[in-house]
Amino acid sequence: MKIGLINGSPKKINSASGLLLEELKSLLMKADGSVIFEEWNLNEKEITSEQLMQMENWERMIFSFPLYVDGIPAHFLACLQKMEEHLRTQTGQKKPYVYVMVNAGFYEGHQNRLAIDMISHWCKKASCVMGQGLGVGAGGMLSSLEKVPLGKGPNRNLGKALQAFSESVIHQKTESPIYISPNFPRIAYRFAAQHNWRVQARKNGLKPKDLSSKPKIQPKS
Amino acid sequence: MKMLIHDLEEEYLLQLLEKRKDIMITSNNTPIQRCIGCFGCWVKTPAYCVLKDEYSDLAPRIAACNEVILISRCTYGGYSPFVKNVLDRSIGYIHPDFTIRKGEMHHKSRYPQQLNMTAHFYGEDLTPEEKKTATDLVQANGLNLNTEKKQVFFYQQPDEMKGRIL
């Protein structure tokens with residue numbers, strides 16, 4: 001079975017979307033050693049016609065991307081339009097089942113709901129079947145938890161969710177979306193994130209109060 | 001002042017609008033870079049996007065307005081890539097710190113004033129599900145941007161918007 005893994009994060013390295021794909025990949029390999037993965041990173045690059053042809057051999061397609069302004073990042077959206085156009089015109093060919101993981105900087109996984117719904121609408125246009133969506137909250141802390149085993153401590157919910165999601169992928173199930181938040185208090189996540197912004201601001205030569213600056217410029221009419 | 005962000009040909013848009021001076025138009029008429037997720041607009045050059053193009057000062061320009069009007073082809077229940085790109089590049093408008101609204105985590109406001117937000121979506125054969133997602137999207141955007149009033153309209157063709165935008 002060939003599975004396309006598509007990282008829709010605009011970040012070139014250390015993206016939460018990439019981390020989720022790596023974790024999922026390990027689970028899929030454990031479940032079925034014969035799976036062949038074809039991986040795309042869609043940061044900045046335009047999607048090529050060779051890549052579009054590659055999709056024709058996939059039985060499953062897995063998207064992973066960050067939530068941007070309650071939806072799909074613009075660059076990935078443009079890629080999806082090209083993929084839709086290609087898939088729609090491939091009549092008579094078997095289409096891959098689509099699975100999607102969306103991660104948000106917000107704590108609550110359910111804030112990814114609209115982005116998952118958008119992928120469902122994309123599936124209908126592309127004549128694909130939507131398999132399942134997974135909405136992950138607190139995506140900002142995933143990289144710091146890389147060494148924490150899945151299913152343990154703050155990664156307990158994530159481990160369970162990825163296990164269920166990987167089973168849906170392997171068995172080509174169509175299931176309702178899963179939404180998860182970390183096993184970590186929301187207030188602690190909030191303060192850790194806010195502390196991190198101040199650390200980054202200091203590295204850039206700013207003071208904490210600069211984070212709240214309010215520049216206004218009159219429009220060019 | 002109103003900020004109008006749209007994905008139509010600018011000449012065509014001008015035929016749809018009443019003549020007004022209190023409007024700033026953001027059009028797809030010069031190359032726009034894509035947000036790279038660096039958060040520089042929060043921790044390096046607050047409110048301004050670090051990418052150097054004509055769209056780096058969207059947030060301070062929105063801050064001079066009291067309404068944001070979006071005109072977009074409805075794409076999978078969301079905005080078109082250009083309109084979405086403008087919104088992705090505008091997140092400096094909000095503050096990096098978090099607050100809780102309606103029981104959920106959202107970003108704090110950077111600016112004290114509250115905007116109104118109106119979205120005009122066009123597209124043939126939009127399904128009720130796509131319209132529902134688009135309506136919910138504008139509500140969600142409004143919650144994140146801490147807007148006061150949010151309105152959503154749908155059209156089959158952009159021509160139908162004539163006289164209804166402002």
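## A walk through a predicted two-chain model

In chain B, the pLDDT averages 96, and 100% of the residues score at least 70. What you are looking at is a predicted model, and its scores are ipTM 0.96 and pTM 0.96.

Let us start with chain A. Six helices and six strands make up its list of elements, and reading along the sequence you meet them in the pattern β-α-β-α-β-α-β-α-β-α-β-α. Try following that pattern in the structure from one end of chain A to the other.

How does the overall form of chain A look in numbers? Along its principal axes, the C-alpha trace spans about 60 × 55 × 25 Å. The radius of gyration of chain A is 19 Å; a compact globule with 221 residues would have one near 17 Å, so the two agree. Of those 221 residues, 45% count as buried. The contacts tell us something about the chain's path as well: among contacts in chain A with a separation of 6 or more, 78% are between residues 24 or more positions apart.

Now look at where the two chains meet. Here 44 residues of chain A are in contact with 43 residues of chain B. Which elements of chain A give two or more residues to the side that touches chain B? They are α3 (74–89), α4 (113–125) and α6 (186–203) of chain A. The largest share, seven residues, comes from α6(A). Sorted by character, the residues on this side of chain A divide into 21 nonpolar, 13 polar and 10 charged.

Let us move over to chain B and its sheet. As background, strands of a sheet pair through backbone hydrogen bonds, either parallel or antiparallel. In chain B, five strands form an open sheet in the order β2-β1-β3-β6-β7, and the pairing is parallel. Why do β2 (23–26) and β7 (149–155) of chain B each have one side without a neighbour in the sheet? These two strands stand at the edges and each has a single partner strand, so one side of each is left free of a neighbour there. From one strand to the next, the twist averages 15°.

One of these edges is worth a visit. Strand β6 (residues 116–122) of chain B pairs with β7(B) in the parallel sense, over seven bridges. To find a bridge yourself, pick out B:T118: its bridge partner in β7(B) is B:Q151. Lying across β6 and β7 of chain B is helix α5 (residues 128–145) of chain B, which runs at about 155° to β7(B).

How values were computed. Residues are numbered from 1 along each chain as its sequence is written. Chains are lettered from A and ligands numbered from 1 in the order in which they are written. This is a predicted model: local features need pLDDT of at least 70, side-chain atom pairs count only at pLDDT 80 or more; totals for chains, interfaces and linings use all residues. pLDDT is the predictor's confidence in each residue, from 0 to 100. Helices (H or I, at least four residues) and strands (E, at least two) are DSSP runs, numbered from the N terminus. The radius of gyration is taken over C-alpha atoms; the globule rule is 2.2 Å times the number of residues to the power 0.38. A residue is buried if 20 or more other C-beta atoms lie within 10 Å of its own, exposed if 12 or fewer, and partly exposed in between; C-beta atoms are placed from the backbone. Two residues are in contact if their C-beta atoms, placed from the backbone, lie within 7 Å. Ala, Val, Leu, Ile, Met, Phe, Trp, Tyr, Cys and Pro count as nonpolar, Asp, Glu, Lys and Arg as charged, and the others, Gly among them, as polar. Two strands pair if DSSP finds at least two bridges between them. Axes are lines fitted to C-alpha atoms, for helices over the stretch in contact, and angles run from 0 to 180 degrees between N-to-C directions.
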